[in-house]
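Colleague: Got a minute to go through this one with me? I'd like to talk charges first, then strands.

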Amino acid sequence: MAAEFSLRSLRLSDLSRVAELERACNPQPWNQEALRAYAVENTAPENRCVGLAAENLKSGGVVGYLCAQQGFGEAEILIFGVDPLYRRQGVGRILIDALMENLRARSCPILFLEVRRSNIAAISLYRASGFSEVGFRKGYYADTGEDAVLMRKEFIR
């Protein structure tokens, strides 16, 4: 992990910052209620959700976040974003690596995600993290009708 960032679970006190980042990162952002329900309050092991935050050690502010849900022998990244000012500094990779470690510890062998076909930077990050493209979802994004690329990562047991 880059010395400039620390990793931790999302907290209730992070909601407004993560909602702000969601608006900056995603054309169809989750609102604070959805973030609270899935990313913060749904993190008990029996619910199989993982909410992570990357924090800037100098400023103490959240600069990246990720939430995934596990069930039926697989997991899916639900939301993921990095502050535009902190992109290409390893924050996204820190979050994905931590999620994969968490899922390995839970004996979850497969991780899926959908990403906009036009999001070349994210697709490159996912490929570098070992994901492969396994399909497309035509017209998946309601705001533009853009296709989603379905990606998958299998963990070696």
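**Charges and strands**

Modeller: Let's start with R127, which counts as partly exposed at 48% relative accessibility. Bear in mind that this is a predicted model.

Colleague: OK, what does R127 form a salt bridge with?

Modeller: With E133, and the closest N and O atoms are 2.2 Å apart. E133 is partly exposed too, at 34% relative accessibility.

Colleague: How many salt bridges does the structure hold?

Modeller: It holds 12.

Colleague: Take R8 and D14. Are they buried or exposed?

Modeller: R8 is buried, with a relative accessible area of 13%. D14 is buried as well, at 6%. The two form a salt bridge, with 2.7 Å between the closest N and O atoms.

Colleague: And D83, which residue does that one form a salt bridge with?

Modeller: R17, with the closest N and O atoms 2.6 Å apart. That pair links distant parts of the chain, 66 residues apart: R17 sits in helix α1, and D83 in the loop between β4 (74–82) and α3 (91–105).

Colleague: How covered are those two?

Modeller: D83 counts as buried because its relative accessibility is 8%, under the 20% cut-off. R17 has a relative accessible area of 22%, so it is partly exposed.

Colleague: Which residues are linked in a network with R17 and D83?

Modeller: E20 is linked with them in a network of salt bridges.

Colleague: Staying with helix α1, what about E22?

Modeller: E22 lies in that helix, which covers residues 15–25. E22 is buried yet has no salt bridge.

Colleague: Huh. How far away is the nearest side chain of opposite charge?

Modeller: That's R23, 8.9 Å away from E22.

Colleague: So what is E22 in contact with?

Modeller: Leaving aside neighbours within four places in sequence, E22 is in contact with Q28, P29, W30, L35, Y65 and I79.

Colleague: Switching to strands. How many residues of β3 are buried?

Modeller: Eight of the 10, so to speak a mostly covered strand, spanning residues 62–71.

Colleague: How do β3 and β4 run, parallel or antiparallel?

Modeller: Antiparallel, with eight bridges joining β3 to β4. One of the bridge pairs is Q70 with A75 in β4.

Colleague: What sits between the strands of that hairpin?

Modeller: Two residues. In this hairpin of β3 and β4, F72 takes a positive phi near 55°.

Methods. Residues are numbered from 1 along each chain as its sequence is written. This is a predicted model: local features need pLDDT of at least 70, side-chain atom pairs count only at pLDDT 80 or more; totals for chains, interfaces and linings use all residues. Side-chain values use heavy atoms; hydrogens and water are left out. Helices (H or I, at least four residues) and strands (E, at least two) are DSSP runs, numbered from the N terminus. Buried means under 20% relative accessible area, exposed over 50%, partly exposed in between (1.4 Å probe, protein chains only). Lys and Arg count as positive and Asp and Glu as negative; His and the chain ends are not counted. A salt bridge is a side-chain nitrogen of Lys or Arg within 4 Å of a carboxyl oxygen of Asp or Glu. Contact means heavy atoms within 4.5 Å. Two strands pair if DSSP finds at least two bridges between them.
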